[in-house]
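Thanks for making time for this. I would like to walk through one structure with you, going from a few local details out to the sheets, and then to the ligand.

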Amino acid sequence: MSDFVNVGMIGYKFMGKAHSNAYRALPMFLPDVPKPRMKVICGRDEQAVTKAGEQFGWESVETDWRSLIARDDIDLVDINAPSDAHKEIALAAAAAGKHIFCEKPLALNLADSRKMLEAAERAGVKHMVGFNYRFAPAVRLAKKLIEEGRLGRIYHFRGLFLQDWIMDPDFPLVWRLRKEVAGSGSLGDLGAHTIDMARYLVGEFEEVVGMTETFIKQRPMPTEMTGLTAKGSKEGPHGDVTVDDAAMFMARFDNGALGTFEATRFANGHRSTNSFEINGSRGSVRFDFERMNELEVYFSDDPEDVQGFRRVLATDAAHDYMYAWWPAGHTIGYEHTVTHEMHELMKAIAEDRQPVPNFVDGVKCQAVLEAVERSAAEKRWVKLQEFED
Ligand code: SOE
């Protein structure tokens, strides 16, 4: 096993910071994998990317991603630029024989995501997609309980991803609100995470029926953007919002379980409620990312007089990844999910296997997103079979 993986990262905002933090944390907390070497960070705005590079600890800066990919000292290309950049960069990285990490949603549409998967498979490189919430130890505990049959047969998955950061009608038209850059709105940005969670915990989707809505159709053009915040003048020029503000759908899984899903940026008061409940024949689990160290668990074979949901604090060494952090009861946060994700990537590279979740998962999620969009447009149930190659 090589002791290092040389990383070139494209993007330097919210996710760029989260990934940089993960690369820096790995050698200190999870040192059983090759050490990521933070070789080069890339962004179009030279001043801003240079500042980020210094702040996050990158060795050098590029302003053209093609130059980054052309460098022969790079093993892994980390793509966290806006979604419309994913495909072209991933295809070029694969052609250059680099491993690829790509943020979710994998692409603007299913066809593009398939091209990315094909290119990575053809090149024989490792590929991973950024569904970081799978890596919360409490979610891993839910997975373990389901795999061990401790919830019995799964009947229901109930998933929510609720935010409120664009509720002000004068909030500017940031890239996440433009179809040509983001692919879709709350559906692909938030719903993609819940779809991945459902696939991870329950199984593959058979069919969906859904609806989407854009409540605010026009917004001021942005004059400044940082992460999820932006400035724009309500007196200035406006542009069309071309994605959904909210999406809701129902699903039937291949194993017969039923699911309900809600993704919205108009849930006033919900900064980032990312939660699910699963009900099985022998028990249930409930998770809410805003209390991510906890899993609520119910077992129907508990003695009747103490039956009820119990709160399990998933911070013991018995819980995935927790051996790496602090003594039991000392909680972890959002950034740790990303560190665990990057640990899986480095481990997979060292073990010469594909990381999980990878582009296959990205494509399957994209197929569900597309099925929901088709269902909303045509007002009917849509089977995933309609999207088979
Ligand atoms: C914005 O809605 C966002 O940052 C998403 O893009 C992320 O994927 C999610 O983790 C948090 O919210």
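Let me start with a proline, P357, which is placed in the loop between α9 (334–351) and α10 (359–378). The peptide bond that joins V356 to P357 is cis, with omega at about 5 degrees. I should say straight away that what you are looking at is a predicted model, so please take each of these geometric details as computed from predicted coordinates. As for confidence, the protein averages a pLDDT of 97, and 99% of the residues score at least 70; the model scores are ipTM 0.96 and pTM 0.97. The general caution still applies that, where pLDDT is low, predicted coordinates should not be read in detail.

There is another cis bond to look at, the one from K104 to P105, where omega is near -20 degrees. P105 sits in the loop between β5 and α5 (110–123). While we are on backbone geometry, Y321 is not a glycine and yet has a positive phi of about 70 degrees; this residue is found in the loop between β18 and α9.

Now to the sheets, beginning with the parallel one. Six strands make up this open sheet, in the order β3-β2-β1-β4-β5-β6, and the pairing is parallel. At its edges are β3 (60–62) and β6 (127–129), each of which pairs on one side only. If direction is ignored, neighbouring strands in this sheet are turned against each other by 25 degrees on average. At the β6 end, strand β5 (residues 99–102) pairs with β6 in the parallel sense over three bridges, and C102 stands opposite V129 in β6.

On annotation, the unreviewed UniProt entry gives residues 5–131 as "domain: Gfo/Idh/MocA-like oxidoreductase N-terminal". In the model, that span is 45% helix and 22% strand, and its end C-alpha atoms lie 21 Å apart.

The other sheet has nine strands and is also open, with the order β18-β17-β16-β15-β7-β14-β13-β8-β19, and here the pairing is mixed. Why is one side of β18 and of β19 left without a neighbour in the sheet? Both β18 (310–313) and β19 (382–383) stand at the edges and have a single partner strand each, so one side of each has no neighbour in the sheet. For β19 the connection is to strand β8 (residues 205–213), by two bridges in an antiparallel arrangement, and V382 in β19 is the bridge partner of V208.

Within this sheet, β7 is a useful place to see the mixed pairing. With β15, β7 pairs in the antiparallel sense over eight bridges, and L160 has S275 of β15 as its bridge partner. With β14, in contrast, β7 runs parallel and is joined by seven bridges; there F157 stands opposite G259.

Moving on from β15, five bridges join this strand to β16, and the two run antiparallel, with S275 now bridged to D288 in β16. A hairpin of two residues makes the connection from β15 to β16. The next pair, β16 and β17, is likewise a hairpin, with five residues between the strands; four bridges join them in the antiparallel sense, and E296 in β17 is the bridge partner of R286.

Two helices should be mentioned alongside this sheet. Helix α8 (residues 186–201) lies across β7, β8, β13 (246–253), β14 (258–264) and β15, and runs at about 155 degrees to β14. The nine-strand sheet, with its order from β18 to β19, also has helix α6 (residues 137–147) packed on it, touching β7 (154–162), β15 (273–280), β16 (283–288), β17 (294–299) and β18, with a direction that makes about 165 degrees with that of β16.

Finally, which residues are around the ligand? They are F14, Q163, D189, L190, L228 and S272. Sorted by class, this shell has three nonpolar, two polar and one charged residues. Of these, D189 and L190 are listed around the ligand and have numbers that fall in the range of helix α8, residues 186–201, while F14 is listed there too and its number falls in the annotated span 5–131.

Conventions
Residues are numbered from 1 along each chain as its sequence is written. This is a predicted model: local features need pLDDT of at least 70, side-chain atom pairs count only at pLDDT 80 or more; totals for chains, interfaces and linings use all residues. Two strands pair if DSSP finds at least two bridges between them. Two residues are in contact if their C-beta atoms, placed from the backbone, lie within 7 Å. Axes are lines fitted to C-alpha atoms, for helices over the stretch in contact, and angles run from 0 to 180 degrees between N-to-C directions. UniProt positions are given in the numbering used here, feature names are shortened, and annotations may be inferred rather than shown by experiment. pLDDT is the predictor's confidence in each residue, from 0 to 100. A residue is near a molecule or strand if its C-beta atom, placed from the backbone, lies within 6 Å of it. Ala, Val, Leu, Ile, Met, Phe, Trp, Tyr, Cys and Pro count as nonpolar, Asp, Glu, Lys and Arg as charged, and the others, Gly among them, as polar.
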